[in-house]
Amino acid sequence: MKKKILFVVTSHDKKGSTGDATGYYLGEVSHAWKVLKEAGYEIDFVSPKGGNPPVDGFDLSDAVNKEFWEDEIYHKKISNTQTPSEVKAEEYNAIYYAGGHGAVWDLPDNTEIAAIATSIYENNGIVGAVCHGPAGLVNIKLSNGKYLIDGKKVNGFTNEEETAVKLENVVPFLLEDKLKERGGIYEKSAAWQEHVVTDQRVVTGQNPQSAKAVGEAVKKALENL
């Protein structure tokens with residue numbers, strides 16, 4: 001079986017009614033991508049709408065961002081994401097939800113991507129997410145009817161971090177609160193500090209600073225299967 005990981009990115013490009021642009025956060029894709037690509041995994045991309053997703057945090061002074069963006073194969077892949085209906089869940093060892101504020105709007109209620117994640121997880125795969133990416137996990141249910149994150153240690157963008165970027169009243173919900181509401185055992189570090197937790201094949205990271213470490217934790221979790 002090929003070693004493949006599915007990256008999920010948002011299709012949503014506006015921060016609520018502010019008119020400010022958003023999308024997937026480039027560093028949260030690139031830093032995890034580099035770790036997993038170098039470990040021998042092929043990476044595919046899916047977004048709710050497919051096609052070319054909006055990008056945020058576009059900083060090519062970050063060497064890893066630049067490497068990803070200028071990789072011909074992967075630039076083509078990220079610019080032509082699959083739609084959920086095109087994804088064959090059985091092909092993937094893991095699914096990873098990248099953040100960026102857009103994720104809070106269009107990933108929680110995307111039942112098609114949630115079904116893909118359930119399938120990968122119940123096939124003994126890994127579910128990973130970073131920053132606002134865990135918004136995509138909050139409504140995932142397993143075959144037994146329980147929420148995926150119920151009773152598991154998780155983290156994601158904190159209330160303090162959301163307040164620091166002045167979007168606590170713009171986002172549809174506060175991610176920290178929602179993860180707790182779904183039964184997640186939420187843990188965190190101070191704002192902008194790297195924080196990653198792995199629990200029962202679910203790997204979550206707090207913020208953009210945690211993206212590389214989430215990639216490393218997903219890699220380790222896959223090695224331990």
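This is a short walk through a predicted model, starting with its sheet and moving on to a helix and some charged pairs.

Let us begin with the sheet. How many strands does the open sheet have, and what is their order? There are 6 strands, arranged as 3-1-5-6-10-9, and the pairing is mixed. Strand 3 and strand 9 are the edge strands, since each of them pairs on one side only. If you follow the sheet across, the twist averages 15° from one strand to the next. As a reminder, strands of a sheet pair through backbone hydrogen bonds, either parallel or antiparallel. "Mixed" tells you to look out for both kinds as you go along.

Start at the edge with strand 3, residues 42-46. Strand 3 pairs with strand 1 in the parallel sense, over 5 bridges. Here Lys4 of strand 1 has Glu42 in strand 3 as its bridge partner; keep both residues in mind, for they will come back later. On its way across the sheet, strand 1 also pairs with strand 5, again in the parallel sense, over 4 bridges. In this pairing Phe7 stands opposite Tyr96 of strand 5.

Now pause at strand 5, which covers residues 94-97. In a regular strand the side chains alternate between the two faces of the sheet. Strand 5 lets you see both sides: Ala94 and Tyr96 lie on one face, Ile95 and Tyr97 on the other, and all of them are buried. In other words, both faces of this strand are covered. Moving on, strand 5 runs parallel to strand 6 (residues 126-130), and 4 bridges join the two. Tyr97 stands opposite Ala129 of strand 6.

Strand 6 in turn pairs with strand 10, in the parallel sense and over 4 bridges. Val130 faces Gly205 of strand 10 across this pairing. Strand 10, residues 202-205, is covered on both faces: Val202 and Thr204 are buried on one side, and Val203 and Gly205 are buried on the other. In which sense does strand 10 pair with strand 9, parallel or antiparallel? Strand 9 (residues 196-199) and strand 10 are antiparallel, with 4 bridges between them. Val196 stands opposite Gly205 here. The two strands form a hairpin with 2 residues between them, and Gln200 in the turn has a positive phi of about 50°.

What lies across the sheet? Helix 1 (26-38) lies across strand 1, strand 3, strand 5 and strand 6, running at about 175° to strand 1.

Next, look at helix 3, residues 72-79. An α-helix has 3.6 residues a turn, so residues three or four places apart point the same way. Which residues of helix 3 are buried? They are Tyr74, Ile78 and Ser79. Seen down the helix axis, these buried residues fall within an arc of 135°, so they line one face of helix 3. The face turned away from them carries the exposed residues Glu72, Ile73 and Lys76. Among the elements that cover the buried residues are strand 2 (24-25), helix 1, strand 3 and helix 2 (63-69). At the N-terminal end of helix 3, Asp71 acts as a cap: one of its side-chain oxygens lies 3.1 Å from the backbone nitrogen of Ile73.

Finally, let us turn to charge. Side chains of opposite charge can pair when their charged atoms come close. The whole structure holds 12 salt bridges. One of them joins Glu91 and Lys4, whose closest N and O atoms are 3.0 Å apart. Glu91 sits in the loop between helix 3 and strand 5, while Lys4 belongs to strand 1, so this salt bridge ties together parts that are 87 residues apart in sequence. Glu91 is partly exposed, at 32% relative accessibility, whereas Lys4 is buried, at 10%.

Another salt bridge links Glu70 to Lys66, with the closest N and O atoms 2.9 Å apart. Glu70 is exposed, at 52%, and Lys66 is partly exposed, at 38%. Glu181 and Arg182 also meet in a salt bridge, 3.4 Å from N to O. Of this pair, Glu181 is exposed, at 53%, but Arg182 is buried, at 15%. Some salt bridges share partners, and in this way Lys4, Glu42, Asp44, Lys77 and Glu91 are joined into one network. Here Lys4 and Glu42 return, the bridge partners from strand 1 and strand 3.

Conventions:
Residues numbered from 1 in each chain as written. Predicted model: local features only at pLDDT ≥ 70, side-chain atom pairs only at ≥ 80, totals over all residues. Heavy atoms only, no water. Salt bridge = Lys/Arg side-chain N within 4 Å of Asp/Glu carboxyl O. Buried < 20%, exposed > 50% of the residue type's maximum accessible area, 1.4 Å probe, protein only. Arc of directions from axis to C-beta. Contact = heavy atoms within 4.5 Å. Polar contact = N/O pair within 3.5 Å; in protein donor to acceptor, adjacent residues only side chain to side chain. Pairing = 2+ DSSP bridges. Axes fitted to C-alpha atoms, helices over the stretch in contact; angles between N-to-C directions.
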